[in-house]
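Me: I am new to this structure and would like to learn how to read its features. Could you take me through them step by step?

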Amino acid sequence: MTRIILYASDTLDRGTQHRSDDNAIARRLSDPDALVLPVWRGQHLRPGEVGDVTIAADALPGEFRRWLLENADYAVYLGQFGDRPVIATGLSALAEEALISVCPATWTPVSLRTISPLVDHHEAALLAYAQALVWWRDHNRFCGVCGHRTVVINGGHAIRCADPDCNHTIFPRTDPAVIVLVHDGDRALLGRPAHWPAGLHSVIAGFVEPGETIEGAVRREVAEETGIIVDEVSYRDSQPWPFPQSLMLGFRARATTREISLNDQELEHAAWYDRQTLMAVDRNADPATAPFALPRGDSIARRLIEEWLQEV
């Protein structure tokens with residue numbers, strides 16, 4: 001059975017062969033069957049109740065749908081979901097009052113983290129893709145080389161400086177980050193930064209630096225944050241993480257030392273936990289109130305922990 005990885009789906013044909021064809025993009029943007037995904041400042045416009053539809057965009061009122069395609073800051077062609085084009089519309093330039101005035105009744109902005117456990121995983125993947133590209137566009141409105149405004153090209157998958165003397169082209173970024181379950185055979189190393197809810201504990205994570213291998217990043221991050229030295233670094237899994245534009249690369253590593261030292265103050269607390277202790281943790285515990293809680297079920301951190309716990 002294929003394992004579901006939240007925020008990722010192989011059912012979307014990204015239509016890369018059409019991105020440079022302006023006429024093909026125009027036809028897809030005007031397709032009356034297109035799924036339109038409105039994104040406002042990192043949030044998704046959704047109805048209070050979706051009803052009997054697989055994807056909330058199918059409940060989008062026709063008049064609002066037309067307004068989005070005509071008045072959004074820009075539209076991004078994401079690809080084909082079955083035979084239907086998928087379009088993300090960026091609305092971040094709208095003030096909140098203006099957004100409320102044009103939204104249908106019951107439609108409000110909500111965060112992907114809030115709704116992801118409640119929606120079909122294919123829809124979660126589409127929303128994650130839309131959110132990542134809209135965030136990228138919203139943060140590249142001006143050319144980083146000359147400072148002129150930029151324009152969307154290639155169906156929204158590239159941005160070009162509007163100054164013809166510069167003509168700098170910008171492509172979407174994905175920031176690689178490593179996340180690792182460190183163990184010593186019978187115990188796993190978990191920790192928490194100070195800004196997290198008091199009960200929430202997770203595995204070690206951090207971004208890959210320039211000129212660094214991902215295995216090197218694993219060893220460095222673990223040593224920097226906990227003082228633990230690891231070997232036997234092995235890749236396990238990955239997950240797109242659109243908060244805002246990361247790809248989480250999941251690893252497992254065996255500790256060769258045991259004494260914890262919180263060297264760089266990234267973590268407020270870190271400790272070793274045996275399988276019996278972690279197996280007894282309530283999987284549905286609310287991190288905001290529980291004395292001890294594991295990461296949310298939609299995360300690769302939780303998957304790394306659960307995978308290790310089952311290997312007895």
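Me: Which element gives the largest share of the lining of the second largest cavity?

Reply: Helix 8 does, with four residues. Keep in mind as we go that this is a predicted model. To read a lining, start with the residues: here they are Arg3, Arg236, Asp237, Ile300, Arg303, Leu304 and Glu307. Then look for the elements that give two or more of them, which are strand 13 (230–241) and helix 8 (300–309).

Me: What classes of residue make up that lining?

Reply: The lining of the second largest cavity has five charged residues, two nonpolar and no polar ones. Its volume is about 50 Å³.

Me: Two of those names, Arg236 and Glu307, carry charges. What do the side chains of glutamate 307 and arginine 236 form?

Reply: They meet in a salt bridge, with 3.1 Å from N to O. A good habit is to ask where each partner sits. Glutamate 307 belongs to helix 8 and arginine 236 to strand 13, so this pair ties together parts that are 71 residues apart in sequence. Next, check accessibility: glutamate 307 counts as partly exposed because its relative accessibility is 24%, and arginine 236 counts as partly exposed too, at 29%.

Me: How many salt bridges are there, and which residues are joined into one network?

Reply: The count comes to 22 salt bridges. Some share partners, and in this way Glu209, Glu212, Arg220, Glu221 and Glu224 are joined into one network. Take one pair from it: arginine 220 forms a salt bridge with glutamate 221, and their closest N and O atoms are 3.1 Å apart.

Me: Are arginine 220 and glutamate 221 buried or exposed?

Reply: Both arginine 220 and glutamate 221 are buried.

Me: Where do the partners lie in the salt bridge of glutamate 268 and arginine 192?

Reply: First the contact: these two side chains meet with 2.3 Å from N to O. Glutamate 268 is in the loop between strand 14 (246–255) and strand 15 (269–274), while arginine 192 is in strand 11 (residues 187–192), so the pair ties together parts 76 residues apart in sequence. Their settings can be read from accessibility. Arginine 192 has 5% relative accessibility and therefore counts as buried. Glutamate 268, at 48%, counts as partly exposed.

Me: Back to cavities, then. How many of 30 Å³ or more does a search of the whole structure find?

Reply: It finds two. The largest has a volume of about 70 Å³. Read its lining as before: the residues are Val36, Leu37, Pro38, His44, Leu45, Arg46, Ala56, Ala57, Leu60, Trp107, Glu123 and Leu127. Strand 2 (35–40), strand 3 (43–46) and helix 5 (121–138) each supply at least two residues of this lining. By class, nine residues are nonpolar, one is polar and two are charged.

Me: Last topic: sheets. What is the strand order in the open sheet of three strands?

Reply: Its order is 7-8-9, and the pairing is antiparallel. In an open sheet, look for the edges: strand 7 (150–153) and strand 9 (169–170) are the edge strands, since each pairs on one side only.

Me: How many bridges join strand 7 to strand 8?

Reply: Four bridges join strand 7 to strand 8 (residues 158–161), and the two run antiparallel. To follow one of the pairings by eye, find valine 152: its bridge partner in strand 8 is isoleucine 159.

Methods: Residues are numbered from 1 along each chain as its sequence is written. This is a predicted model: local features need pLDDT of at least 70, side-chain atom pairs count only at pLDDT 80 or more; totals for chains, interfaces and linings use all residues. Side-chain values use heavy atoms; hydrogens and water are left out. On a 1 Å grid over the protein atoms alone, a cavity is a set of points where a 1.4 Å probe fits but cannot get out, and a pocket is an open set with protein on both sides within 12 Å along at least five of seven lines; lining residues have an atom within 4 Å of a point. Grid points are joined across faces, edges and corners, and a volume is the space filled by probe spheres set on the points. Two strands pair if DSSP finds at least two bridges between them. A salt bridge is a side-chain nitrogen of Lys or Arg within 4 Å of a carboxyl oxygen of Asp or Glu. Buried means under 20% relative accessible area, exposed over 50%, partly exposed in between (1.4 Å probe, protein chains only).
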